[in-house]
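Q: Hey, I've got a structure open and I'm not sure where to start. Can you walk me through it?

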Amino acid sequence: MAAGTNGGAPVYRTYYEHGINTILVMHIDERDRRELEQPQRPRANLVITGRMPSDSIGMNRVIDGLETQGLEVIAGPGVIRP
């Protein structure tokens, strides 16, 4: 999960090819989204979360899961931790 430009379909394809099956994105160009739908990959998930849910709500669930596994997470600006 990264803010700013996302690199588009070529970057996401590379993630899939290297075993990352689920990618969370805040935004994606419609052309890139359609391109990623073409070659059906089993277990490949692209979740378009939107800006505000990612920062304030959605990312908290991801952070909670990481902390449950013993990882320390430092939330950046825009992520409001309860």
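What follows is a chat that goes from the whole chain to single residues.

A: Sure, and keep in mind that this is a predicted model.

Q: Okay, what secondary structure does the chain have?
A: There are three helices and two strands. Going along the sequence, they come in the pattern α-β-α-β-α.

Q: And what size of box do the C-alpha atoms fill?
A: Roughly 40 × 25 × 15 Å, if you take the box along the principal axes.

Q: How much of the chain is buried?
A: Buried residues make up 20% of the 82 residues. As for the surface, the accessible area of the chain is about 5900 Å², and 56% of that belongs to carbon and sulfur atoms.

Q: What share of the contacts is between residues far along the chain from each other, say 24 or more positions apart?
A: Those account for 40%, counting the contacts with a separation of 6 or more.

Q: Let's look at α1. Which residues are buried there?
A: G8, A9, Y12 and Y16 are buried in α1. Looking down the helix axis, you'd find the buried residues within an arc of 90 degrees, so they line one face of α1.

Q: What does that face pack against?
A: The buried residues of α1 pack against β1, α2 and β2, where β2 is residues 45–48.

Q: What comes after the helix?
A: G19 follows α1, and its phi is positive, near 90 degrees. I20 is also in the loop there, between α1 (8–17) and β1 (22–25).

Q: Is I20 buried or exposed?
A: In between: I20 counts as partly exposed because its relative accessible area is 39%, and buried would mean under 20%.

Q: What is I20 part of on the surface?
A: I20 joins V11 and Y15 in making a nonpolar surface patch of about 240 Å².

Q: Switching to α2. Where does L36 sit, and is it buried or exposed?
A: L36 is in helix α2, which covers residues 30–37. L36 is buried, with a relative accessible area of 10%.

Q: What does L36 touch, leaving out residues up to four places away in sequence?
A: L36 touches A9, Y12, R13, Y16, I28, R41 and L46. Among them, A9, Y12 and Y16 are buried residues of α1.

Q: How far is L36 from G8?
A: Their C-alpha atoms are 9.5 Å apart, though L36 and G8 are separated by 28 residues along the chain.

Q: New topic: charges. Why would two side chains pair up at all?
A: When the charged atoms of oppositely charged side chains come close, those side chains can pair.

Q: How many salt bridges are in the whole structure?
A: A search finds seven.

Q: Which ones involve α2?
A: One of them joins E30 and R34, with the closest N and O atoms 3.6 Å apart. Another links R33 with E37, at 2.5 Å from N to O.

Q: How are those partners spaced along the helix?
A: E30 and R34 are four residues apart in α2, about one turn of the helix. R33 and E37 are also four residues apart in α2, which means about one helical turn between them.

Q: What do E30, R33, R34 and E37 form together?
A: The four are linked in a network of salt bridges.

Q: How accessible are they?
A: E30 is partly exposed at 39% relative accessibility, and R34 is partly exposed at 43%. R33 is partly exposed at 23%, and E37 is partly exposed at 40%.

Q: What about D29?
A: D29 has a salt bridge with R31, at 3.7 Å from N to O. D29 is partly exposed at 40% relative accessibility, whereas R31 is exposed at 58%.

Q: Last one: N60. Where is it, and is it buried or exposed?
A: N60 is in helix α3, residues 51–68. N60 counts as buried because its relative accessibility is 8%, and the cut-off is under 20%.

Q: What does the N60 side chain have for company?
A: A polar atom of the N60 side chain lies 2.9 Å from the backbone oxygen of I80. Leaving aside neighbours within four places in sequence, N60 is in contact with V79, I80, R81 and P82.

Notes: Residues numbered from 1 in each chain as written. Predicted model: local features only at pLDDT ≥ 70, side-chain atom pairs only at ≥ 80, totals over all residues. Heavy atoms only, no water. Patch = residues over 30% accessible without salt bridge, like charges linked within 9 Å, V, L, I, M, F, W, Y side chains within 5 Å. Areas by Shrake-Rupley, 256 points an atom, 1.4 Å probe, with all protein chains shown as cover. Salt bridge = Lys/Arg side-chain N within 4 Å of Asp/Glu carboxyl O. Buried < 20%, exposed > 50% of the residue type's maximum accessible area, 1.4 Å probe, protein only. Contact = heavy atoms within 4.5 Å. Arc of directions from axis to C-beta. Polar contact = N/O pair within 3.5 Å; in protein donor to acceptor, adjacent residues only side chain to side chain.
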